[in-house]
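Thank you all for coming; please take a moment to look at the sequence and the structure on the screen, and then I will walk you through a few places in turn.

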Amino acid sequence: MKRKPFIAGNWKMHKSIKEAAELANEIKRRFYDFDRAEIVLAPPFTALAAVADIIASTPVKLAAQNMFWEKEGAFTGEVSPLMLKDAGCSYVILGHSERRAYFCESDENVNKKIKAALREGILPIVCVGERLEEREAGKTIEVVERQLRGALEEIKEEEARKIVIAYEPVWAIGTGKTAAPNQAEEVHKFIRETIGKLYTEDTSSDILVIYGGSVKPENITFLIKEEDIDGALVGGASLESDKFIKIIEGAVLDV
Ligand code: PGA
């Protein structure tokens, strides 16, 4: 049987506390007892606690969009894994391409953050993906392999199993251009094979590899049909409840 679908909404730098609460309430009304997919909401830091309260007694989980690797200290402007736990987070998105592009996040930093999250019991959703010029230069696999190996450096198998990998081709994020399902599948399969080489077949067949980049109600059913695509990290379409709800419903149609 294929793995349980995993759908996360990355709200990026959108929504006031009030707007976030409204959106979370709409998701909750539809999915308060839903167990056919793992549903994760990633609001901005300012709305984490409010959304945590709303989804508290439901299977819907909370994620942050970033964190620092230290537990506490003089790191002005940063948020620690302990603070995220305190706010009710089960997951944290790490290494998103926007963090890599605008905030100089390296594979090494991403690796430190993954280790810190795992140490505190927060599950990392780790993003990898090539830029357009890298794809056009035929370097997709090389880039994804470097990011993946860098992210997993010194991480033991039992910890690695807890990580969700998100393949997000940068050219498909926020552009309306989704990777064709078979184009995405090629990279997902490669990611799973690489996990198999780094660890074991068991881990490679259990680990979740989700797709991100212009996922919409219209394309989720095609993406999820692919053998190695286990769900989606949704940006723009997660900001409207009707679209996000349709994406979740689409992801569980055939499984
Ligand atoms: P998008 O964003 O769905 O708006 O393309 C995806 C992401 O950045 O995670």
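Before I turn to the ligand, let me say that a residue counts as near a molecule if one of its heavy atoms lies within 4 Å of it. I should also say early on that this is a predicted model.

So which residues are the closest to the ligand? The ligand is surrounded by 13 residues, and the closest are K12, H96, E168, G174 and S214. For K12, an N or O atom in the side chain is 2.7 Å from an oxygen atom of the ligand. The backbone also takes part in the list of short distances, since a backbone N or O atom of S214 lies 2.8 Å from a ligand oxygen atom, and a polar backbone atom of G236 is 2.8 Å from an oxygen atom of the ligand.

Next, the largest pocket, which has a volume of about 460 Å³. It is lined by 16 residues, of which M13, Q65, N66, R99 and F103 are the closest to its centre. Helix α4, residues 97–102, gives the most to this lining, with three residues, and by class the lining has seven nonpolar, five polar and four charged residues.

Let me finish with the buried parts. In helix α12, residues 241–251, the buried residues include F244, I245, I247 and I248, and what covers the buried residues of α12 includes β1, α1, β2, α11 and β8. Strand β2 holds E38, and is E38 buried or exposed? E38 counts as buried because its relative accessibility is 16%, and buried means under 20%. Leaving aside neighbours within four places in sequence, E38 is in contact with K4, P5, F6, I7, K61 and Y91.

Terms used. Residues are numbered from 1 along each chain as its sequence is written. This is a predicted model: local features need pLDDT of at least 70, side-chain atom pairs count only at pLDDT 80 or more; totals for chains, interfaces and linings use all residues. Side-chain values use heavy atoms; hydrogens and water are left out. Buried means under 20% relative accessible area, exposed over 50%, partly exposed in between (1.4 Å probe, protein chains only). Contact means heavy atoms within 4.5 Å. Helices (H or I, at least four residues) and strands (E, at least two) are DSSP runs, numbered from the N terminus. On a 1 Å grid over the protein atoms alone, a cavity is a set of points where a 1.4 Å probe fits but cannot get out, and a pocket is an open set with protein on both sides within 12 Å along at least five of seven lines; lining residues have an atom within 4 Å of a point. Grid points are joined across faces, edges and corners, and a volume is the space filled by probe spheres set on the points. Ala, Val, Leu, Ile, Met, Phe, Trp, Tyr, Cys and Pro count as nonpolar, Asp, Glu, Lys and Arg as charged, and the others, Gly among them, as polar. A polar contact is a pair of N or O atoms within 3.5 Å; within protein, one must be able to donate a hydrogen and the other to accept it, and residues adjacent in sequence count only if both atoms are side-chain atoms.
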